[in-house]
Number of protein chains: 4
Amino acid sequence: MPERAARRAELLSVAAGVFAELGYSATTVRVIAERAGLLAGSLYYHFDSKESMLEEILRTFLDALWTGYDAILGDRALGPRETLRALVVESFREIDRHGPAVAVFQKEARQLAAQPRFAFLTEAQRDFEDAWRTTLERGVADGAFRPDLDVRLAYRFLRDTVWVAASWYRPGGRHTADAIAGQYLSMVLDGISVRSTIPTATRSRPWPRPT
Amino acid sequence: MPERAARRAELLSVAAGVFAELGYSATTVRVIAERAGLLAGSLYYHFDSKESMLEEILRTFLDALWTGYDAILGDRALGPRETLRALVVESFREIDRHGPAVAVFQKEARQLAAQPRFAFLTEAQRDFEDAWRTTLERGVADGAFRPDLDVRLAYRFLRDTVWVAASWYRPGGRHTADAIAGQYLSMVLDGISVRSTIPTATRSRPWPRPT
Amino acid sequence: MPERAARRAELLSVAAGVFAELGYSATTVRVIAERAGLLAGSLYYHFDSKESMLEEILRTFLDALWTGYDAILGDRALGPRETLRALVVESFREIDRHGPAVAVFQKEARQLAAQPRFAFLTEAQRDFEDAWRTTLERGVADGAFRPDLDVRLAYRFLRDTVWVAASWYRPGGRHTADAIAGQYLSMVLDGISVRSTIPTATRSRPWPRPT
Amino acid sequence: MPERAARRAELLSVAAGVFAELGYSATTVRVIAERAGLLAGSLYYHFDSKESMLEEILRTFLDALWTGYDAILGDRALGPRETLRALVVESFREIDRHGPAVAVFQKEARQLAAQPRFAFLTEAQRDFEDAWRTTLERGVADGAFRPDLDVRLAYRFLRDTVWVAASWYRPGGRHTADAIAGQYLSMVLDGISVRSTIPTATRSRPWPRPT
DNA sequence: TATGAATGAGCGTTCATTCAT
DNA sequence: GATGAATGAACGCTCATTCAT
């Protein structure tokens, strides 16, 4: 990595941390500069604007994420269940690697997507929804997932469940990202309930019984 | 409701909507005023500051929420499963009634809690965690919930899963709040998976089999 | 005094007190109203503006002052020494009666005099200077005051000496206004020094010795 | 003086001039900025707030003043008369050098002293009173000043008389600061009156006659 | 007479950004 | 590459003033 790009990455990492901590709007370029050890004006040698820093942070995150996702989604050997598992694991790994960027994405994306400059967020969200919903639908179709699943709702449920973890997850904590992914998957797939105790009234339709 | 209090409530409702949409920091009092149909300065006849509006919005929301929660938590007739169900339903009803306030809480609480003025948020979060974790622990103890549950993780999972819905839920949409609560509960309790497909590797311990 | 005028006087008295305490610019009509027991807007039933209250306070004070001064200055029986004494006594009585108004005059007059609306202050100051300087000059001419007196300087000295007392004098304190006037006169006329100890070097010219 | 400090001093000098002319409260930072040739916001690169400018102006003035006063008060060779003379001369020199600062002090100190931030003004006023009153009392005790002197009153008389001059004194005028100090001293020490004309009624006690 | 709600101008201050050095 | 001083727009807020009731 050339000197120049390394410095940019370093500064963006600082910026992402502050954006995640204080929110984009409440972050001043002064505190970014201060944490990076230079003066506010000097940031403008490296970046056009505060907004362009944000954009670069989000693009970098999404590029990395989609590199991982594309490998998974392109793997025809994976059934819907394994695909879902792989997507969740990949997502937690992304949180592990680019936690602040994920937190910024989670907090700011909806609002930013309205601006032309950040239209790529809207695209990403659409692709994102496609990937997850397709996987869920495949799973319902082939009997891996519950036939009574409301796919739209389940998509949101999964999406929020995974990304919101970025706001509390800290690398080097009690659990590894993969361990947390495993726990999440267990809850999402099987529920927190002991199966036999579920009163039938909870469901609109009886489960298809495996034979 | 006296004239005065009604006007306050009206203005707070507008403010909550803008805070939820743009974020507290990115919201200007001029925007609030514009949407409320008066001038920025006039807001200060009713409120001390932008911050005091935020505080009142959050306090009002938490008061309403705890009124509901306390009734549930104080009901000794409820088992952990019914308690959890009631808490989720109550939460979605709160989202239905005070959606913007919930979204603001969800977005801003962590950051605000550091200020002395918003210390009540820290208390609320602690009480909140107590309520959910105690319920989960009771459920694990009496066999309603899975014995291998990581309660800390499950708590976060539930908390985020429920509240994050405030950022997309709109009253009057396709589903009622109670319907969505039901769907969420179904996913959370039973998982999205069809039972027999769960590979045993997912779990640390085999399920207790009903006899 | 008609009801109406009495209320005005009452409100102006409150206003003068606040102006004296906080300064005209730092005084808000809200605190005047509050101390008078009504709401800010209600003051505008009685007065056109904050500025018109100030004007009325200053005019009332100057009218009263000149009533006293004119009687003294018109008394041909008084020598310069007695005239000066009478002016000082009258001034302290004015401070005793309208202390806050005097303090406001002392603090604000110089700055206000630049506005057309307050041109009467400039006139008053000119008349004021005339009265005192004429008295001093008469005294120098007839041997009552020191022949080496710089009249311009002595005028300022006297003027400041007297009016500045308004900023600390409180009616009902240790000394009456007349007693303070007496003490001031004693210092101004005779100095604080024991005469014989004055080294001759202090003076530019030897004193004319009375025969 | 480093570049930075010089710029601060320059801006503070402008600010002091405006504060003295319009009063602190009536002064807007935009006026200060305009006279200094920059924009209002740019002042905040150099100072924290309008109030901090005021504080620095007053502290600088008091530091300079006390440097002079301490030298005088610490000189054991000076009798009360020479001490008083030296204090007055030093005060007028201070007016000559920092006229606007003195005028601001004179106008605003009483009101400001109530704020914790300006508690140093209260201290200064106490030290000030100590210095002058001690000098006066020493003079009365050793026969330099009139035995019938009301020291409290005389202190106020001297204090106001001297400092109020800051509101009209302009450097480079007809008289030098030292010349004005001399005239003031002559009036304060010996009075404006020619001795023999003093009616005995003015005094409560006869003068001690030198033998 | 007084109130209560509002206006609108302007205030002190912040902050992303620029640019000569 | 970075600094330091400045810009200029906008922000939260204040306050004298208005006016229907």
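## Getting started

A polar contact is a pair of N or O atoms within 3.5 Å; within protein, one atom must be able to donate a hydrogen and the other to accept it, and residues adjacent in sequence count only if both atoms are side-chain atoms. With that in hand, a polar side-chain atom of C:S42 lies 2.8 Å from a phosphate oxygen of DNA strand E.

This is a predicted model, in which local features need pLDDT of at least 70 and side-chain atom pairs count only at pLDDT 80 or more, while totals for chains, interfaces and linings use all residues. Residues are numbered from 1 along each chain as its sequence is written, chains are lettered from A and ligands numbered from 1 in the order in which they are written, and side-chain values use heavy atoms, with hydrogens and water left out.

## Around DNA strand E

Let us stay with DNA strand E. It has 32 residues around it, and the closest are A:Y44, B:S42, B:Y45, B:H46 and D:Y44; a residue is near a strand if one of its heavy atoms lies within 4 Å of it. Sugar and phosphate make up 66% of the atoms of DNA strand E that come within 4 Å of the protein. The surface near DNA strand E has 10 nonpolar, 14 polar and eight charged residues. Here Ala, Val, Leu, Ile, Met, Phe, Trp, Tyr, Cys and Pro count as nonpolar, Asp, Glu, Lys and Arg as charged, and the others, Gly among them, as polar.

Besides C:S42, C:R7 has a polar side-chain atom 3.5 Å from a phosphate oxygen of DNA strand E. For D:T27 the polar atom belongs to the backbone, 3.0 Å from a phosphate oxygen of this strand.

## Around DNA strand F

DNA strand F also has 32 residues around it, and B:Y44, C:Y44, D:S42, D:Y45 and D:H46 come nearest. Of its atoms within 4 Å of the protein, 69% belong to sugar or phosphate and the rest to bases.

The side chain of A:S42 places an N or O atom 2.9 Å from a phosphate oxygen of DNA strand F, and a polar side-chain atom of A:R7 lies 3.5 Å from a phosphate oxygen of the strand. B:K50 uses a backbone N or O atom, at 2.8 Å from a phosphate oxygen.

## An annotated region of chain A

An unreviewed UniProt entry annotates residues 5–65 of chain A as "domain: HTH tetR-type"; positions follow the numbering used here, feature names are shortened, and annotations may be inferred rather than shown by experiment. Over residues 5–65, chain A is 75% helix and 0% strand, with the end C-alpha atoms 20 Å apart. Helices (H or I, at least four residues) and strands (E, at least two) are DSSP runs, numbered from the N terminus.

## How the chains pair up

Chain C superposes on chain D by a rotation of 179° with 0.1 Å of shift along its axis (RMSD 0.2 Å). That is the relation of a two-fold axis. The fit is by least squares on the C-alpha atoms of residues with pLDDT of at least 70 in both copies. In chain C, the C-alpha of C:G191 comes closest to the rotation axis, at 1.8 Å. The copies meet through the same surface, because 100% of the interface residues of chain C are also interface residues in chain D.

Chain A can be laid on chain B by a turn of 179° and a shift of 0.0 Å along the axis, with an RMSD of 0.1 Å. Here too, 100% of the contact residues of chain A recur in chain B, where contact means heavy atoms within 4.5 Å.
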